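Reader: Before we discuss charged pairs, please show me the sequence and the structure, and then explain how each label was reached.

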Amino acid sequence: MKRLITSALILALSSSFLLAAPGLPPARPASTPYDQYMGSVRQVLRKLNGSAPSYQKVAALTKQGYNFRYVYDTPYVAPLPHVTAAKRAGDCKAKSLWLAHEMNDPSVRYVIGKARRTSKISHAWLMWQNNGKWWILDPTNNPTPIPAASVSRDEYLVFYSYDSKGSYRHKSPWSRGAVADR
């Protein structure tokens, strides 16, 4: 009986947080403080309908986005990918949304968090799974995909993520065990 109650309690507690995507910190569908600015992100993510691209294609696209000039334009709002492509410039939001569009993989996650625990501002990047391994795609700061398992607990802290189905609030990255693939 004690085991049954314990199991029921664990199940009840764990159901309040969903694993939004394997390899990401636990999350639950929820509104986020950025939702009002995510119109372009939602528009692009809902149209992704391709199959998973190869690692080589994603690496080439990440490098291409990295080579776009960094231009901080409007706070919070990512321009549509065709605008970023035409200017060959953008900030983290713009470059990440452009990359998601070019990948056309509906399983990709658009992420908002902190690149480093000590960062004063938020940052946007993508999370992508390939052959069972999670990758951080940060065309603003890195020209190549980063294995998620290789970053320290003080890097790439996920607060919110977005996919074609909605938005997710992730368990605090400062909680024990919250950072994926460690």
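Reader: In this predicted model, what makes Asp 91 count as buried?
Author: The relative accessible area of Asp 91 is 2%, and since buried means under 20%, the label applies to Asp 91.

Reader: Why is the contact of Lys 93 and Asp 91 called a salt bridge?
Author: The side chains of Lys 93 and Asp 91 meet at 2.3 Å, N to O, and because the definition asks for a Lys or Arg side-chain nitrogen within 4 Å of a carboxyl oxygen of Asp or Glu, the pair qualifies as one of the 4 salt bridges in the structure. Lys 93, for its part, is buried, with a relative accessible area of 11%.

Reader: How do you know that Asp 163 and Arg 109 form a salt bridge, and what parts does the pair tie together?
Author: Their side chains meet at 3.3 Å, N to O, which satisfies the limit of within 4 Å. Asp 163 lies in strand S8 and Arg 109 in strand S4, so the pair ties together parts that are 54 residues apart in sequence. Asp 163 counts as buried at 12% relative accessibility, as does Arg 109 at 2%.

Reader: Why is Asp 154 called partly exposed?
Author: Its relative accessible area is 37%, and because the class lies between under 20% and over 50%, Asp 154 is partly exposed. Arg 117, with 28%, is also partly exposed. Asp 154 forms a salt bridge with Arg 117, the closest N and O atoms being 2.5 Å apart; this pair links loops 37 residues apart, Asp 154 being between strands S7 and S8 and Arg 117 between S4 and S5.

Conventions
Residues numbered from 1 in each chain as written. Predicted model: local features only at pLDDT ≥ 70, side-chain atom pairs only at ≥ 80, totals over all residues. Heavy atoms only, no water. Buried < 20%, exposed > 50% of the residue type's maximum accessible area, 1.4 Å probe, protein only. Helix = DSSP H or I, 4+ residues; strand = E, 2+ residues; numbered from the N terminus.
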